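Work through these exercises with the model open beside you. Try each task before reading its solution.

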Amino acid sequence: MARPANEDDIHIREDTMPFHPLDFYMLDELLGEEEILIRETARKFVDHEVIPIAAEHWEAATFPKELIKKMGELGFLGPFVPAEYGGAECSYTMYGLICHELERGDSGVRSFASVQGSLVMYPIWKFGSQEQKQEYLPKLASGEIVGCFGLTEPDYGSDPGGMITTARRDGDRWVLNGAKMWITNGTVADVAVVWAKLGGEVRGFLVERGTPGFSAPEMKGKHSLRASVTSELILQDVRVPKANMLPGGKGLKLPLSCLSQARYGIAWGAVGSAMACYDSALAYAKTRIQFGKPIGSFQLIQAKLVEMLTEITKGQLLCVQLGRIKDAGRVRFQQISLAKRNNVDMALRIARNARAVLGANGILDEYPVMRHAANLESVVTYEGTHEMHTLIVGEDITGIAAYA
Ligand SMILES: Cc1cc2nc3c(=O)[nH]c(=O)nc-3n(C[C@H](O)[C@H](O)[C@H](O)COP(=O)(O)OP(=O)(O)OC[C@H]3O[C@@H](n4cnc5c(N)ncnc54)[C@H](O)[C@@H]3O)c2cc1C
């Protein structure tokens, strides 16, 4: 690891509740020293910097911008990128552990890091020119600039290959036309990775904020991922220099490979979200008195808690092995689909059950459960819906594509 995150960089606030880490199967024994170190750094950061402000940002529907540079300093943005481009050169298992902790705080914070790292830095690193890598990656890694990833369109979500955004050549410029929707970080991004068809083939283009014809209005009225900026991207005769196309490949497989990268982080993140809900429900069950006893003494409540513990433990195991095969360069995208599909679904179920354990209190922002439950409704839809991942794995085992 080239630039280890430093725990001492984290400002400690006194007013936070301690989190009780859940490791029922002693899975820490499967992690190396550096992996535990970075997980602990991320854990401390989330406990002291994210959780105390998560509810107020969710309520105000604002992203906590002050965290961007801190995440950069700690090496959380594109941590898998080599040190020569400003990355922390972490393993993918470490990246997963960071996502796990960030999403334990709030899915919006993990979404920010996923987009910046997996959807903006990754394509520039893998498909960009040397000049693009040198220009953008160090600034994205430090949080000096923010990026976004524009694939989804108003009429093409699960079927992005149908996109109607186009690029054409005009002298030494590319001219882009089209519209993107549901783009995380769009309004605050300094650079957008925009996917458009050039002569019928999907290509990636870098569009900088302020380019004439390009705007990114924020989408309002979300009941989910409120502490995250979501935007439209409008491209009307946007002219970018010839050097702004990603030269290292073409076709839908490029944006899909970025999505695999991000989905991998989501599989870990969802376990963090589930853990926050379980932690809250367990603490509540031990102290809430009904019929003269803590509700944790009732069998139906215990059954819910045991179910949560079991599913989280299974999700953790899935992630650790997924991390190992990804680090070994042997992972297949279908395996990532299975983990994203399973872990987000289980986190949603845990969030709902945790809300039930908390009774009426479960709907208050004093507890993190309802916020996680609402956030997970986005997480189960973006980066490939639950249904699309079912079909991806279904195709893998039967050899028959059922989605078209
Ligand atoms: C908060 C948020 C942030 C996002 N951030 C980004 C971003 O940064 N960049 C980006 O490009 N996109 C982003 N997205 C978009 C996201 O990836 C899409 O919403 C997702 O791909 C689904 O597309 P859709 O919403 O158009 O749903 P649709 O594709 O219209 O699907 C609607 C329903 O039909 C189902 N369905 C569709 N096709 C089939 C089929 N063949 N078989 C069975 N069922 C099917 C789906 O599973 C779903 O249940 C974001 C979305 C959200 C909510």
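Is Glu 131 buried or exposed? Glu 131 is exposed, with a relative accessible area of 58%. Buried means under 20% relative accessible area, exposed over 50%, and partly exposed in between, with a 1.4 Å probe and protein chains only.

**Ground rules**

This is a predicted model: local features need pLDDT of at least 70, side-chain atom pairs count only at pLDDT 80 or more, and totals for chains, interfaces and linings use all residues. Residues are numbered from 1 along each chain as its sequence is written, and side-chain values use heavy atoms, with hydrogens and water left out.

**Exercise 1. Place Glu 131 and Gln 132, and find what each one faces.**

Step 1. Locate them. Glu 131 is found in helix H5. Gln 132 lies in helix H5 too, which covers residues 130-142. Helices (H or I, at least four residues) and strands (E, at least two) are DSSP runs, numbered from the N terminus.

Step 2. Check the cover of Gln 132. Its relative accessible area is 4%, so Gln 132 is buried.

Step 3. Look for a partner. The Gln 132 side chain reaches the backbone oxygen of Met 245 at 2.9 Å. A polar contact is a pair of N or O atoms within 3.5 Å; within protein, one must be able to donate a hydrogen and the other to accept it, and residues adjacent in sequence count only if both atoms are side-chain atoms.

Step 4. Return to Glu 131. Its C-alpha atom is 9.9 Å from that of Asn 244, and the two residues are 113 apart along the chain.

**Exercise 2. Describe the surroundings of the ligand.**

Step 1. Find the shell. There are 18 residues around the ligand. A residue is near a molecule or strand if one of its heavy atoms lies within 4 Å of it. Thr 152, Ser 158, Trp 182, Thr 385 and Tyr 403 come nearest.

Step 2. Sort the shell. It holds nine nonpolar, seven polar and two charged residues. Here Ala, Val, Leu, Ile, Met, Phe, Trp, Tyr, Cys and Pro count as nonpolar, Asp, Glu, Lys and Arg as charged, and the others, Gly among them, as polar.

Step 3. Find the elements. Strand S3 (173-184) and helix H10 (386-398) each supply at least two shell residues.

Step 4. List polar pairs. Thr 184 has a polar side-chain atom 2.8 Å from a ligand nitrogen. For Thr 385, a side-chain N or O atom is 2.6 Å from a ligand oxygen. A polar side-chain atom of Glu 387 sits 2.9 Å from an oxygen atom of the ligand.

Step 5. Estimate the cover. The ligand alone exposes 980 Å², and the protein buries 68% of that. Accessible areas come from the Shrake-Rupley method with a 1.4 Å probe; for residues, only the protein chains shown count as cover.

Step 6. Look at Met 181. This residue is in strand S3. At 23% relative accessibility, Met 181 counts as partly exposed. The C-alpha atoms of Met 181 and Glu 153 are 5.0 Å apart, with their positions 28 residues apart along the chain.

**Exercise 3. Count the salt bridges and say what three of them join.**

Step 1. Count. The rule is a side-chain nitrogen of Lys or Arg within 4 Å of a carboxyl oxygen of Asp or Glu. The count comes to 21 salt bridges.

Step 2. Take Arg 324 and Glu 35. Their side chains meet at 2.9 Å, N to O. Arg 324 lies in helix H7 (residues 299-327) and Glu 35 in helix H1, so the pair ties together parts 289 residues apart in sequence. Arg 324 is partly exposed at 27%. Glu 35 is buried at 9%.

Step 3. Take Glu 40 and Arg 43. This salt bridge spans 3.7 Å, N to O. The two are about one helical turn apart because they are three residues apart in helix H1.

Step 4. Take Lys 250 and Glu 201. Their salt bridge is 3.6 Å, N to O. Lys 250 lies in the loop between strand S7 (230-241) and helix H6 (253-287), and Glu 201 in strand S5 (residues 201-208), so the pair ties together parts 49 residues apart in sequence.

Step 5. Find the network. Salt bridges that share partners join Asp 28, Arg 39, Glu 40, Arg 43, Asp 47, Glu 101 and Arg 104 into one network.
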